[in-house]
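Colleague: Got a minute to go through this one with me? I'd like to start with the ligand and then get to the sheets.

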Amino acid sequence: MSQTMEFKTEVSKLLDIVIHSLYSNKDIFLRELISNASDAVDKIRYEGLLDQSKYENDTDWKIKLTPNKSAGTLTVSDNGIGMNYDEVINTLGTIANSGTKEFMKMLEEKNAKDAVELIGQFGVGFYSAFMVADKVTVITRKAGQEKGVKWESQAAGTFEIGEAVRANRGTDIILHLKEDDKKYLDEWTLRDLVSKYSDYIEHPVVMDIERPKKDEEGKPSEEKEIKEEVLNSRKAIWLRNKSEITEEEYNDFYKHITHDYSDPLKTIHFKVEGTHEFAGLLYIPKMKPFDIIYKEYKSGPTLYVKRVQIMEHCEELFPPYLRFVKGVVESNDLPLNISREILQNNKLIEVMRKNITKRVLDALSDMKNKKYDLYVSFYKEFGRILKEGLHFEYDKKENIADLVLAESTATEDGKYTTFAEYISRMKEGQNDIYYILSASRAEAMASPYMEGLTNKGYEVLILTDDIDDIVISALNEYKGKQFKSVVKGDMNLTDEEKAAKEKKTEELSSILGFIKEQLKDKVADVRLSSRLTDSPVCLVRGETDFDPHIEQIMKAMGQSYMAAKRTMEINAEHPLFIKLNEVFNADKENPVLKEYVDLLYDEALILEGAKPVDAGLFAKRVASLMIKGLE
Ligand code: ADP
Ligand code: MG
């Protein structure tokens, strides 16, 4: 009894593309199927550690290739965990995971020729079988179940599913090869592909090989014999000595575990000896994995204990801000049947996590010092994620801060400085590290808040990442220098400057009082500015208030918050203010005063990127001023 079912629309579309558009590197289908078989073996091996009966007395783990020339089929079999009826329906047809869409999106954006390599990264590797087969049959039986399942499809929108008999636990994927793809029945082609793409698979990939039987003298005879041969070398590269491993081997292994097409940016291989022994082979990719922005993204290396793969992503071994790192970690001191709960409170895991964190940060620091351009390319991809560590990992704040890059008023467009370099350029009398949060460099450069500082020759960091506000507040200081937002608080002045400012404030106290009274519902205070040179006014926040850039983001996200009242700063040297003061001194009741004060406030709002209180009224007032100017 079998039943015809329809593929989920996205899956159908994906299959259509796989069949009709991806020709460039069909070879990878074998890697994908072997990788799935190996995953299935890992799963049953792990489950059996917890419940021996699941092994059903079959622990001779293997993945077998069976080319059948007369039938034109290639079968990939495993004695892994198998799938039950529902799992087959869901995973092979009716559920489209996030990778399905993402993979198709990438095919549209990138050159499909390069892209086909990446199919495994998107969790849709199984479907690559249809690059070489016009029909695929799956016969599988799940561990512990009596009945097997048969799934069959020629793509074209539907698949058949029904019961099947399979003597042993495991899965056969039978590819009915297309006429043009019969080369995949050839022994040497298969040998080549396995050693190229699946050499590091831990389980033996085997094939029955027919050879002339050798006689007593070792010479080939007329008689033939069939022997099962292992095609892959199965070496655990991370356990070997560094000196014996070539860069190519490192890179191949990286591609093998990540399904990435490019070489890694950085390889970190280490063995820790002593009380706790463990080894790791970690990689920093060149580019962000597509799914790193998703909640479901799984971070952490593959964890092995005594050569047994315990879990694919041991997230307890990496802090979240290093979630872009990939690789393998092996320990001989952990129990084989370690559970998630144990992992979370395990002292040894904690020791390993610290050790790994330090190694990765050291490697980044080394790259920054010795291969700066390479580091910049890393930072462009992952700097935003790395910076999260400033907020979350108190212990490592200093080390991470050393790794932060930012643009500044002293760098060229698109070039970076470190905090240390900034400090080395600080002017005499400058105590703080100034920064501005902004959507872009251009916006920051045009900001009136920068005027006073730029005039003094002070450098200002331009921070454009959405999390910069949070991480800078968490960091608070670097090498004893405080971070100071150019839009918050008062500027630091020399004693001389302070005295001059106090004198001026005294002189102008009358008009300042008038403005304060007029704007008392809107601003917390009105004072003379030390930061303005060209603009007449600006609004300034308290040290602990939100940054205006962040306020805009919160508004855009529809979040409610209590906007704190700002302080209005006035540029006493600006001709507009000088004139206004004259009018004020001549006639304190002149109605133009009130109107202009409101206009100044609106202008200050616009300068910080906000809108005037009443845009209509503002426009009317500006229009009437323009008419006066024209008369
Ligand atoms: P991924 O391997 O990234 O999950 P695939 O498209 O390669 O994506 O495989 C989809 C799913 O089908 C697997 O996650 C697994 O649940 C199931 N599957 C595929 N091949 C096998 C197999 N040989 N044995 C058991 N399950 C398999
Ligand atoms: Mg797969």
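Colleague: How do the residues of the shell around ligand 1 divide into nonpolar, polar and charged?
Modeller: Keep in mind that this is a predicted model. The shell around ligand 1 has 6 nonpolar residues, 5 polar ones and 1 charged one.

Colleague: And which residues are around ligand 1?
Modeller: They are N36, A37, A40, D78, M83, T91, L92, G123, V124, G125, F126 and T171.

Colleague: Which helix gives the most to that shell?
Modeller: That's helix 2, with 3 residues. Helix 2 covers 28-50, and together with helix 3 (85-94) it is one of the helices that each supply at least two residues of the shell.

Colleague: What about polar atoms, say on G123?
Modeller: A polar backbone atom of G123 sits 3.2 Å from an oxygen atom of ligand 1. F126 also comes in through its backbone, with an N or O atom 2.9 Å from an oxygen atom of the ligand. T171 uses its side chain instead: a polar atom there is 3.4 Å from a nitrogen atom of ligand 1.

Colleague: How much of the ligand's accessible area does the protein cover?
Modeller: On its own, ligand 1 has 530 Å² of accessible area, and the protein covers 78% of that.

Colleague: OK, on to the sheets. What's the strand order in the open sheet of 9 strands?
Modeller: The order is 1-6-5-4-7-3-2-8-9, and the pairing is mixed. Strand 1 (2-6) and strand 9 (220-230) are the edge strands, each pairing on one side only. On average, neighbouring strands in this sheet are turned by 20° against each other, ignoring direction.

Colleague: Do strand 2 and strand 8 pair in the parallel or the antiparallel sense?
Modeller: Parallel, over 3 bridges, with strand 2 at residues 63-68 and strand 8 at residues 205-214. For a landmark, K64 has V206 in strand 8 as its bridge partner.

Colleague: Which strands does helix 6 touch?
Modeller: Helix 6 (residues 187-197) packs on the sheet against strand 2, strand 3 (73-78), strand 8 and strand 9. Its direction makes about 135° with that of strand 8.

Colleague: And helix 3, which strands does that lie across?
Modeller: Helix 3 lies across strand 1, strand 4 (133-141), strand 5 (148-153) and strand 6 (158-164). Against strand 6, helix 3 runs at about 165°. Helix 3 also came up earlier, as it supplies at least two residues of the ligand shell.

Colleague: Now the open sheet of 3 strands: what order is that in?
Modeller: That sheet goes 20-22-21, with mixed pairing. Strand 20 (523-528) and strand 21 (537-540) are at the edges with a single partner strand each, so one side of each has no neighbour in the sheet. The twist averages 25° from one strand to the next.

Colleague: How many bridges link strand 21 and strand 22?
Modeller: There are 4, in the antiparallel sense, and strand 22 spans residues 566-570. C538 has E569 in strand 22 as its bridge partner. Helix 18 (residues 509-518) packs on this sheet, touching strand 20 and strand 22, and its direction makes about 160° with that of strand 20.

Colleague: Last one: how many residues are between strand 12 and strand 13 in their hairpin?
Modeller: Just 2 residues, and K306 in the turn has a positive phi of about 45°. Strand 12 (residues 302-305) and strand 13 (residues 308-311) pair in the antiparallel sense over 3 bridges. V305 has V308 in strand 13 as its bridge partner.

Methods. Residues are numbered from 1 along each chain as its sequence is written. Chains are lettered from A and ligands numbered from 1 in the order in which they are written. This is a predicted model: local features need pLDDT of at least 70, side-chain atom pairs count only at pLDDT 80 or more; totals for chains, interfaces and linings use all residues. Side-chain values use heavy atoms; hydrogens and water are left out. A residue is near a molecule or strand if one of its heavy atoms lies within 4 Å of it. A polar contact is a pair of N or O atoms within 3.5 Å; within protein, one must be able to donate a hydrogen and the other to accept it, and residues adjacent in sequence count only if both atoms are side-chain atoms. Accessible areas come from the Shrake-Rupley method with a 1.4 Å probe; for residues, only the protein chains shown count as cover. Ala, Val, Leu, Ile, Met, Phe, Trp, Tyr, Cys and Pro count as nonpolar, Asp, Glu, Lys and Arg as charged, and the others, Gly among them, as polar. Two strands pair if DSSP finds at least two bridges between them. Axes are lines fitted to C-alpha atoms, for helices over the stretch in contact, and angles run from 0 to 180 degrees between N-to-C directions. Contact means heavy atoms within 4.5 Å.
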